[in-house]
Structure formats: structure tokens, C-alpha cells
Amino acid sequence: MTNKGLLLVVSGPSGAGKGTVCSRLLSRHSDIFLSISATTRAPREGEVDGKNYFFLTEKEFKDKIDNDGFIEWACFCENYYGTPKDVVEKMLNDGKDVILEIEVQGAMQVKSEYPEAVFIFVIPPSLDVLKQRLTGRGTETEEVIEKRLETAKWELSNAVKYNYILINDDLDNAVNKLESIILSEKMRTARNCELIESFIKN
Ligand code: ADP
Ligand code: 5GP
């Protein structure tokens, strides 16, 4: 367990700020990697295939499911999303820390396959702020925003299944808290047993 990277699963309602918090974290830590998901949703303005997502057709996505190409996958607000298996497993086996920024259904699949993963649920300071952030982002239509806010209530009811609740109020504050979680998780006894054993053996 010691030599494997830390698998961090970050979920939360759309607009809570998961992407913003994770990208700020990555800008501080070049040794943490964000898994690039596959999706059937259309690219937003400025999104690049292979950088933000691997944008697939529904047929391509379903073929990848059939070929056991995903760690997890889910349908969220009428689009498919999934975490490619090969890259993430290689990074973890190479000892690299990996973040999956995924929704709740997928996170629960990861929980049963990777019980040692760390589950973090990001929430905004209030529902009003969530609405403002989702609207202010300006990437979705009114109809899609409504659908995402409706889904948010169900997602929030699943927050208790996560190890940590991260309130994204002030951005730097939220990133500092995420750093604290990672630091503490790395100090867990279970993640340091091999190191202790190596001292005892020598
Ligand atoms: P998510 O990935 O959870 O859907 P985003 O990271 O896209 O959310 O953030 C949604 C919107 O909220 C974006 O416009 C982003 O700039 C803004 N935002 C994120 N975090 C904060 C914060 N701490 N304070 C103010 N605005 C934020
Ligand atoms: P968006 O369309 O805003 O990029 O993402 C919508 C939701 O899908 C977000 O909650 C995001 O975390 C989630 N998501 C992104 N990639 C994946 C993935 O690979 N698997 C799952 N299950 N959810 C994902």
C-alpha cells in the first residue's frame, strides 16, 4: 500500500467549484495528477479533446464499456461520463497521486473497487451561492442549469457516504483545506506500515 499513489475522489453538485479547486491544487502540486474522463457531452467553448475530456460518441463510449475500459462510468443529466482504467491504474502503480473529479454514482463504484481511496465531497457555502456560480459560469442553458440543480439535491443526500466535506467558500481557503486532507491521509498508519517494517527488519 505504501508504494501506491493516493486515489482521491472529488464529487459535489455541479457549480460547487470542484474543477476550480482541483485545478488550483494542481497548480500548486505538479506531482498530483487529474484523471481525464471520457464523456458523450458536447465540448464547451474552449474545451480541448484529450485535455479537458476525451469527447466520445455514444457508440464509442459503449464500446469502451464493453471492453472493460472504465474504472467506473455513469449517466449524468443525459450524458455518459467515465474514468479510463489503464492510465489511472498505471499512475497509481507508479506511486503517483491521482484525483478523480466525478459524480456520485461513479464515486460509489470506485468505493467498492478501491476501498482505500479518499472520498471528498465539495459543497458551496449555500444553495443560493450554488445557483449564482452555476449561472455565473455561463456554460449551460437555463434548462440544463435547472436539471443540474435538481440533481444537486440528490447528490447532497449522498454526501454522508464521503470521508470529508469540503466547503468551498474562499478559493484559497478551500485549496488549503484540501491540502490538509491529503497531508493527513498520507500520514495514516495503514499507508506507512511498510516503512515501519523496513526499520524493524534492518
Ligand atoms: P464544478 O466543477 O463543481 O461544476 P466550477 O469549478 O466550474 O464548478 O465552478 C463553478 C463556478 O464557480 C465557476 O464560474 C468558478 O469560477 C466559480 N467558483 C468556483 N469556486 C469559487 C469560489 N471559491 N469563490 C467564487 N467563485 C468560485
Ligand atoms: P460537466 O459536464 O460539468 O463537466 O460534468 C458533470 C458531472 O460529471 C460533474 O459532477 C463531474 O464531476 C462528473 N464527471 C466528470 N467526469 C466523470 C467521470 O469520469 N465519471 C463520472 N461518474 N462522473 C464524471
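Here are three short exercises on the pocket and the two ligands of this predicted model.

**Exercise 1. Describe the largest pocket: its volume, its lining and the elements that build it.**

Step 1. Begin with the space itself: the largest pocket has a volume of about 1,000 Å³. Its lining counts 34 residues, and K18, G19, R44, Y53 and E101 are the closest to the centre.

Step 2. Next, look at the elements. At least two lining residues each come from α1 (18-28), β5, β6, α5 (127-137) and α6 (142-156). The largest share belongs to α1, with four residues.

Step 3. Finally, sort the lining by class: nine residues are nonpolar, 13 are polar and twelve are charged.

Step 4. Now ask what occupies the space. Ligand 2 sits in the largest pocket, and the space taken by ligand 1 is the largest pocket as well.

**Exercise 2. Find the surroundings of ligand 2 and work out how much of its area the protein covers.**

Step 1. List the neighbours. There are 16 residues around ligand 2, and S37, R41, Y53, Y81 and E103 come nearest.

Step 2. Look for polar contacts, for which the cut-off is 3.5 Å. A polar side-chain atom of S37 is 2.7 Å from an oxygen atom of ligand 2. In R44, a side-chain N or O atom also lies 2.7 Å from an oxygen atom of this ligand. G82 uses its backbone instead: an N or O atom there is 3.0 Å from an oxygen atom of ligand 2.

Step 3. Turn to the cover. On its own, ligand 2 has 510 Å² of accessible area, and the protein covers 96% of this.

Step 4. Complete the picture of the shell. Two or more of its residues come from each of β5 (70-76) and β6 (79-84). By class, the shell holds five nonpolar, four polar and seven charged residues.

**Exercise 3. Do the same for ligand 1, starting from its nearest residues.**

Step 1. Of the 15 residues around ligand 1, the nearest are G15, K18, T20, R137 and N168.

Step 2. Check the backbone. A polar backbone atom of G15 lies 2.8 Å from an oxygen atom of ligand 1. For G17, a backbone N or O atom is 2.9 Å from an oxygen atom of the ligand. D169 has a backbone N or O atom 2.9 Å from a nitrogen atom of ligand 1.

Step 3. Here the protein covers 72% of the 560 Å² of accessible area that ligand 1 has on its own.

Step 4. Both α1 and α5 give at least two residues to this shell, with the largest share, three residues, from α1. The shell divides into three nonpolar, six polar and six charged residues.

Note on methods: Residues are numbered from 1 along each chain as its sequence is written. Chains are lettered from A and ligands numbered from 1 in the order in which they are written. This is a predicted model: local features need pLDDT of at least 70, side-chain atom pairs count only at pLDDT 80 or more; totals for chains, interfaces and linings use all residues. Side-chain values use heavy atoms; hydrogens and water are left out. A residue is near a molecule or strand if one of its heavy atoms lies within 4 Å of it. A polar contact is a pair of N or O atoms within 3.5 Å; within protein, one must be able to donate a hydrogen and the other to accept it, and residues adjacent in sequence count only if both atoms are side-chain atoms. Accessible areas come from the Shrake-Rupley method with a 1.4 Å probe; for residues, only the protein chains shown count as cover. On a 1 Å grid over the protein atoms alone, a cavity is a set of points where a 1.4 Å probe fits but cannot get out, and a pocket is an open set with protein on both sides within 12 Å along at least five of seven lines; lining residues have an atom within 4 Å of a point. A molecule sits in a cavity or pocket if more than half of its atoms lie within 2 Å of its grid points. Ala, Val, Leu, Ile, Met, Phe, Trp, Tyr, Cys and Pro count as nonpolar, Asp, Glu, Lys and Arg as charged, and the others, Gly among them, as polar. Grid points are joined across faces, edges and corners, and a volume is the space filled by probe spheres set on the points.
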